[in-house]
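Q: Please take a close look at how the strands pair up in this model. When you're done there, carry on to the metal sites, residue by residue.

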Amino acid sequence: MKMRRWLVSGLLVAGCLLSWLAPAIRQQAGGEGLGGFAAFRKARLELPERYESICPGTVGDIINTWGVSPAELEGLGLVAGRPAKNGTEGEDSNSLAAEGKNLAESRLTKVRYFDLDGDGIRERYSLRDGIIKAEVGSRLIWESPASWWVDYFFLGDANNDGWQELNLLVWKEGSFGPQQPFWVEGEDRSIKNHLFIFKLEEGEIKPVWQSSNLDRPNLRAALIDGNGDGKKELLALEGSYTDSGKFQLTLWEWNGWGFSRLR
Ligand SMILES: [Ca+2]
Ligand SMILES: [Ca+2]
């Protein structure tokens with residue numbers, strides 16, 4: 001009996017000690033729990049490299065680069081500009097699934113020259129091994145933090161304010177971007193996908209808008225005026241956190257504080 005009491009109090013002490021030590025242990029693992037992200041990054045680095053030379057800006061580009069059929073785009077109300085393929089819905093989803101899998105299981109290398117701030121000088125945006133760099137001439141003006149894995153970037157006026165933006169699809173730990181709301185406690189620390197929007201102003205890359213965890217990871221996204229209203233909509237090729245064979249196309253529009261889903 002005495003022995004059992006000792007055991008119980010011993011366990012209690014061990015428990016208290018562990019709960020007291022736990023934050024210290026977590027801190028040693030990188031403060032933000034980088035152990036999980038390091039493993040994520042390592043797995044990403046092992047994926048085959050894929051090169052992409054264009055940023056799709058039209059429905060036709062999307063068909064050519066995302067493995068999407070015209071019928072699927074017409075299903076979202078986007079005019080594909082060429083006759084829809086004679087196929088069943090099942091065949092269409094298969095083609096999206098096949099190309100989606102290729103996109104999901106690759107590591108993108110991409111370079112784009114683009115004048116984001118409209119000063120007449122094009123900057124160089126280059127993505128490699130999950131890090132994006134912005135350079136003017138030989139000067140590095142910004143690179144994404146090592147605690148992010150950037151899967152994809154696209155350039156264009158995401159919020160329809162007349163200024164072009166640098167838009168990133170980012171994997172990172174924790175639901176919020178660098179601007180975490182101060183009232184949020186006990187944040188979800190899982191590694192999820194985000195859409196981050198930046199602008200180039202006075203020679204500096206500055207955040208414009210950052211999503212919290214996306215409901216589904218975006219493999220690709222593009223800004224196209226699909227309905228001809230003069231504003232850009234966001235077309236996203238979405239995967240799934242849990243089902244590696246599941247893909248869907250969704251269409252969104254900027255609502256002033258974020259994106260609302262149209263279809
Ligand atoms: Ca410029
Ligand atoms: Ca803009």
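A: Five strands form an open sheet in the order β1-β2-β3-β4-β5, and the pairing is mixed. Keep in mind that this is a predicted model, where local features need pLDDT of at least 70, side-chain atom pairs count only at pLDDT 80 or more, and totals for chains, interfaces and linings use all residues. Residues are numbered from 1 along each chain's sequence, chains run from A and ligands from 1 in written order, and side-chain values use heavy atoms, without hydrogens or water.

Look at the edges of that sheet. β1 (49–51) and β5 (139–143) each have a single partner strand, so one side of each has no neighbour in the sheet. Strands here are DSSP runs of E, at least two residues long, numbered from the N terminus, and two of them pair if DSSP finds at least two bridges between them.

From β5, step to β4, which covers residues 131–136. β4 and β5 run antiparallel to each other, with four bridges between them. If you want a spot to centre your view on, A134 stands opposite W142 in β5.

Now jump along the chain to β11, residues 233–238, a strand that is mostly covered. Six of its six residues are buried, meaning under 20% relative accessible area (exposed is over 50%, partly exposed is in between, with a 1.4 Å probe and protein chains only). In a regular strand, side chains alternate between the two faces of the sheet. In β11, E233, L235 and L237 take one side, while L234, A236 and E238 take the other, and these residues are all buried, so both faces are covered.

β11 also has strand pairings worth following. With β10 (residues 218–224) it pairs in the antiparallel sense over six bridges, and A222 has L235 of β11 as its bridge partner. With β12 (residues 248–254), β11 is again antiparallel, over five bridges; there A236 stands opposite T250 in β12. So L235, bridged to A222, belongs to one covered face of β11, and A236 belongs to the other.

On to the metal sites. For calcium, a donor is an N, O or S atom within 3.2 Å (also for Na and K; 2.8 Å for other metals), and water is not among the atoms, so sites may look incomplete.

The calcium ion (ligand 1) is coordinated by OD of D115, D117 and D119, the O of I121 and OE of E123, at 1.9 to 2.3 Å. Read along the sequence, those donors are spaced D-x1-D-x1-D-x1-I-x1-E. I121 is partly exposed, at 45% relative accessible area.

For the calcium ion (ligand 2), the donor atoms lie 2.0 to 2.5 Å away. OD comes from D157 and from D161, OD1 from N159 and O from W163, while E165 is listed with OE twice. The donor residues follow the spacing D-x1-N-x1-D-x1-W-x1-E. The accessibilities of two donors of this site are worth checking on screen: D161 is partly exposed, with a relative accessible area of 42%, whereas E165 counts as buried at 1%.

One last stop is helix α2, residues 34–45, where F37 and F40 lie three residues apart, about one turn of the helix. F37 and F40 are both buried. If you're still scrolling, W148 and F198 are both buried as well.
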